[in-house]
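Thank you all for coming; please bring up the sequence and the model, and I will walk you through them.

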Amino acid sequence: MNAEVLAVGTELLLGQTVDTNSAWLGERLALAGIDCHLQVKVGDNHDRIVAALRAALGRADAVIVCGGLGPTHDDITREAIAEVVGAPLVPDPVVLARIREMFAERGRTMSANNARQAEVPLGARPIPQVRGTAPGLICPVGDKVIYALPGPPHEMREMASREVLPDLVARAGPVSVIASRVLRIWGLAESRVAELLNPRIEVLQGAAGGVTVALLASSTEGIRVRLTVRAHSPSEAGTVLDGEEAAARALLGDSVFGVDDQTMEGAVGAALVAGGLTLGLAESVTGGMVASRLVRVAGASAWLAGSVVAYSAEVKRSVLGVPEGPVVSAPAALAMAWGAREVLGAGIGVGVTGVAGPASEEGVPVGTVFCGLVGPHSATESVRLSLGGDRDQIRQAATMSVLDLLRRRLTHPPDRP
């Protein structure tokens with residue numbers, strides 16, 4: 001079974017609305033074992049919607065259309081589908097009664113143009129709406145099918161889960177499962193990750209089993225390695241992915257900080273809990289961004305003592321005890337870490353200072369960041385980073401790098417003297 005997604009709406013083409021519906025459908029189709037090779041966006045134009053539908057039907061077994069089912073003049077998906085299937089639009093009294101009922105339940109009077117939403121191509125089956133007024137459609141086209149879903153994401157997702165995906169699976173018969181697992185990496189360039197994984201990728205390309213590896217890069221969130229497998233069942237897919245994850249970790253080492261939705265801040269929090277430690281921060285260049293990420297983690301108050309945002313040199317010296325001298329330096333970052341540890345009464349202190357731009361400071365070039373760490377037993381460490389990008393990218397990368405340094409030291413502490 002091969003499906004395509006057609007998102008309707010001029011606002012999508014203008015960039016005024018982000019098409020999250022196609023992404024959500026792509027993920028759910030894969031989980032259901034339905035191939036989705038193409039996703040298309042088209043504006044609110046009758047002829048172009050008709051052309052896009054006919055092209056999609058020429059390639060795919062099923063087409064899922066999102067949007068254009070509302071009551072206004074530019075909601076023309078129903079008319080376009082009717083032309084493609086060669087059937088007239090006819091009012092459905094049951095659908096119309098349900099729309100009237102929904103308006104009455106909300107204490108409102110139905111407008112005359114809402115009656116358009118009860119028009120259904122002859123031979124199609126309406127999908128009852130439970131969250132809005134626009135019903136969906138299931139329209140057979142020979143041995144193929146068009147599904148029409150409303151554009152609002154919460155309406156689309158409910159209707160797709162309730163009616164469309166089960167109908168697709170039933171039409172497809174026995175299907176396989178497409179499952180993915182994403183390894184999240186920080187500290188390695190994309191080219192280096194590819195180089196490290198290449199031996200395993202070569203093995204997979206020459207073997208049966210359908211496991212694929214893809215790399216997705218982000219300057220502020222690191223590299224994601226997506227492992228994808230097609231299997232007969234979710235349990236079989238899980239077993240295969242377990243093996244591939246282990247193989248990838250063996251090649252990538254501790255640069256892997258999480259899997260799927262696991263975050264860097266979550267990894268740091270878990271490591272602090274495991275070590276029974278609390279953390280105190282002193283932030284200059286990041287301006288509180290490190291603490292902001294950490295407090296996203298539920299229960300952070302148990303291990304995050306706080307953060308001193310010491311942006312000026314005067315605050316660094318008066319609050320944190322940074323001595324006279326350059327404040328964008330490794331000694332300053334260490335002094336900030338000591339100060340945070342003492343002022344906040346934490347087991348670990350971390351200090352970060354640097355230059356985000358647009359101009360250099362104290363002769364230090366833009367993108368230079370120093371991180372200092374004072375751990376249990378007064379173990380100290382400082383790291384100099386050279387980061388690229390604009391001001392915001394440098395600050396975000398610095399935040400991730402600081403958290404990554406802390407994660408690595410918590411999970412692989414240096415030997416005590």
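How much area does the chain expose, and what share of it do carbon and sulfur atoms supply? The chain exposes about 18900 Å², and carbon and sulfur atoms supply 54% of it, with accessible areas taken from the Shrake-Rupley method with a 1.4 Å probe, where for residues only the protein chains shown count as cover. Please keep in mind that this is a predicted model, in which local features need pLDDT of at least 70 and side-chain atom pairs count only at pLDDT 80 or more, while totals for chains, interfaces and linings use all residues. Residues are numbered from 1 along each chain as its sequence is written, and side-chain values use heavy atoms, with hydrogens and water left out.

The chain holds 13 helices and 17 strands, which are DSSP runs numbered from the N terminus (H or I, at least four residues, for helices; E, at least two, for strands). Buried residues, meaning those under 20% relative accessible area with a 1.4 Å probe and protein chains only, make up 47% of the 417 residues.

Turning to the interior, the largest nonpolar core has 34 residues, and Leu-272 and Leu-281 are among those that touch the most other members; such a core is a set of buried Ala, Val, Leu, Ile, Met, Phe, Trp, Tyr and Cys residues joined through side-chain atoms within 4.5 Å. Helix 13 gives the largest share of this core, nine residues. Apart from it lies another core, of 23 residues, including Leu-57 and Ile-81.

Ile-81 also appears among the buried residues of helix 4 (residues 77-85), and that helix is followed by Gly-86, whose phi is positive, near 70°.

Definitions and conventions
Buried means under 20% relative accessible area, exposed over 50%, partly exposed in between (1.4 Å probe, protein chains only).
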